[in-house]
There are 2 protein chains.
Amino acid sequence: MIVEGIRQMLRPETDLHIVAQAHDGPQALAVLASQPSVRVALLDLNMPGMSGVELTRAIRADWPDVRVLVLSMFHDHATVAEVLEAGGAGYVLKTASRAELSTAIRQVAGGNTYFSAEVADTLLQNLQILAASPQPDQRPALTRREQEILQFIAREYSNLQIAEELFISERTVETHRRNLLAKTESKSVVGLIQYAIRHKLIS
Amino acid sequence: MIVEGIRQMLRPETDLHIVAQAHDGPQALAVLASQPSVRVALLDLNMPGMSGVELTRAIRADWPDVRVLVLSMFHDHATVAEVLEAGGAGYVLKTASRAELSTAIRQVAGGNTYFSAEVADTLLQNLQILAASPQPDQRPALTRREQEILQFIAREYSNLQIAEELFISERTVETHRRNLLAKTESKSVVGLIQYAIRHKLIS
DNA sequence: GGCAGCCTCCGTACCAGTACGTATTTTTTA
DNA sequence: TAAAAAATACGTACTGGTACGGAGGCTGCC
């Protein structure tokens, strides 16, 4: 029903060719297998059986050149993020007009991404969490020197190598290393690296 | 000059109070030190001396409650990403209208983020790279057992502990560990953990 | 049946990191 | 300027990972 609706909706757009359609996940995968010309897969996130996210992931895994455009009623952050993580290239709300939908398809086909305005808002709102949020980080901060040492550790330098690099004694490096382990409450370099990554001190 | 222009521009917005102004980075930091009531710092990315990104970082480090709104002529991805990474909460182009600028200030003051439309586009375009890009990951896959071992290593288990946990010999764990190091091309457990995190095998 | 890949196990040797204690100099902060 | 924090440095001892080489059993596939 919905599939047919979209088909009718896009009929006037003469540059868009609907080459196939399917009613659930497995069917979609089967269709893709026999239709090498598909460039964009437009799919309803809320489908029977296999979830839209799973299907997205499956498509991306088997046909990396097929761009996935997701159609959904909701735009909460968790869902949108999941779709992106699964490899979705666009996310359009079901309230979108024909004009918006066709624009989205063209954008996605062209290698770009497309997000409905509300979806984009959601994403940007959450960039805050990813990159710009005030982090109430109330643990003992690492000193400048310690952070520096940590950089080298993360690059798999040995204590001796670090010492030579910084023109200090190996013993000093050992001490810094000990303090790092204590401050990050890790038993070994393993926890240290995880701490560093979590706190975006490296990579 | 620019500072004065913005001041005049925002004068009609009666709910916004300009409590201080500065002409370069160090001056801004000094002003902040003496003005505890500042909630939003509006700064030109292209300033003399200290770069806007540096100033952003400095502000976030010393006054985590001050929200930084950046004003810039450009919106290339590298620059925007840098600002975000430094802790900026918003990014407005200099072509913005008074209405947009005041909206941005209010959004940022309210704990949200704000990005001019073009900037938002740039960001969304690059989400593709962050989250939806096809990753040609053509390295030897880890076996089930190896992944299992890796989980324990990430949790800071020693070889002996892993052995006991899995009812196998410590030697076997050592061998798996060696194979893991080889497959991930890392010199030590340091690289191993980074590999695991990058490939979402842990945490 | 044979081959490949995985999981299992052993020994020897070495080195790097870790634990713990102590102490001086330099820099920052109160 | 005194106190606190950071950076510097040393010694001893021990543990745990790493390098290297070898080997047998099991499963699944051609």
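**Group meeting: the protein beside DNA strand D**

Let me begin with one contact, in what is a predicted model: a phosphate oxygen of DNA strand D sits 2.3 Å from a polar atom in the side chain of A:Thr143. Two further contacts also involve phosphate oxygens of this strand, one at 2.9 Å from a side-chain N or O atom of A:Thr172, and another at 3.3 Å from B:Asn159, where the protein partner is a backbone N or O atom. If we ask which elements give two or more residues to the surface near DNA strand D, the answer is α7 and α9 of chain A, together with α9 of chain B. The element that gives the most is α9(A), which contributes five residues.

Looking at that surface as a whole, there are 18 residues around DNA strand D, and those that come nearest are A:Thr143, A:Arg145, A:Ser169, A:Arg171 and B:Arg177. On the DNA side, 60% of the strand D atoms that come within 4 Å of the protein belong to sugar and phosphate. Sorted by class, the surface has eight polar, seven charged and three nonpolar residues.

Now let me turn to the protein interior, where the largest nonpolar core has 38 residues, and where A:Ile153, A:Ile193, B:Ile153 and B:Ile193 touch the most other members. Both chains take part, since α7, α8, α9 and α10 of chain A and α7, α8, α9 and α10 of chain B each supply at least two residues of this core.

Please find B:Ile153 in the structure: leaving aside neighbours within four places in sequence, B:Ile153 is in contact with A:Val190 from the other chain, and with residues of chain B including B:Ile162, B:Leu180 and B:Arg177.

Conventions
Residues are numbered from 1 along each chain as its sequence is written. Chains are lettered from A and ligands numbered from 1 in the order in which they are written. This is a predicted model: local features need pLDDT of at least 70, side-chain atom pairs count only at pLDDT 80 or more; totals for chains, interfaces and linings use all residues. Side-chain values use heavy atoms; hydrogens and water are left out. A nonpolar core is a set of buried Ala, Val, Leu, Ile, Met, Phe, Trp, Tyr and Cys residues joined through side-chain atoms within 4.5 Å. Buried means under 20% relative accessible area, exposed over 50%, partly exposed in between (1.4 Å probe, protein chains only). Helices (H or I, at least four residues) and strands (E, at least two) are DSSP runs, numbered from the N terminus. Contact means heavy atoms within 4.5 Å. A residue is near a molecule or strand if one of its heavy atoms lies within 4 Å of it. A polar contact is a pair of N or O atoms within 3.5 Å; within protein, one must be able to donate a hydrogen and the other to accept it, and residues adjacent in sequence count only if both atoms are side-chain atoms. Ala, Val, Leu, Ile, Met, Phe, Trp, Tyr, Cys and Pro count as nonpolar, Asp, Glu, Lys and Arg as charged, and the others, Gly among them, as polar.
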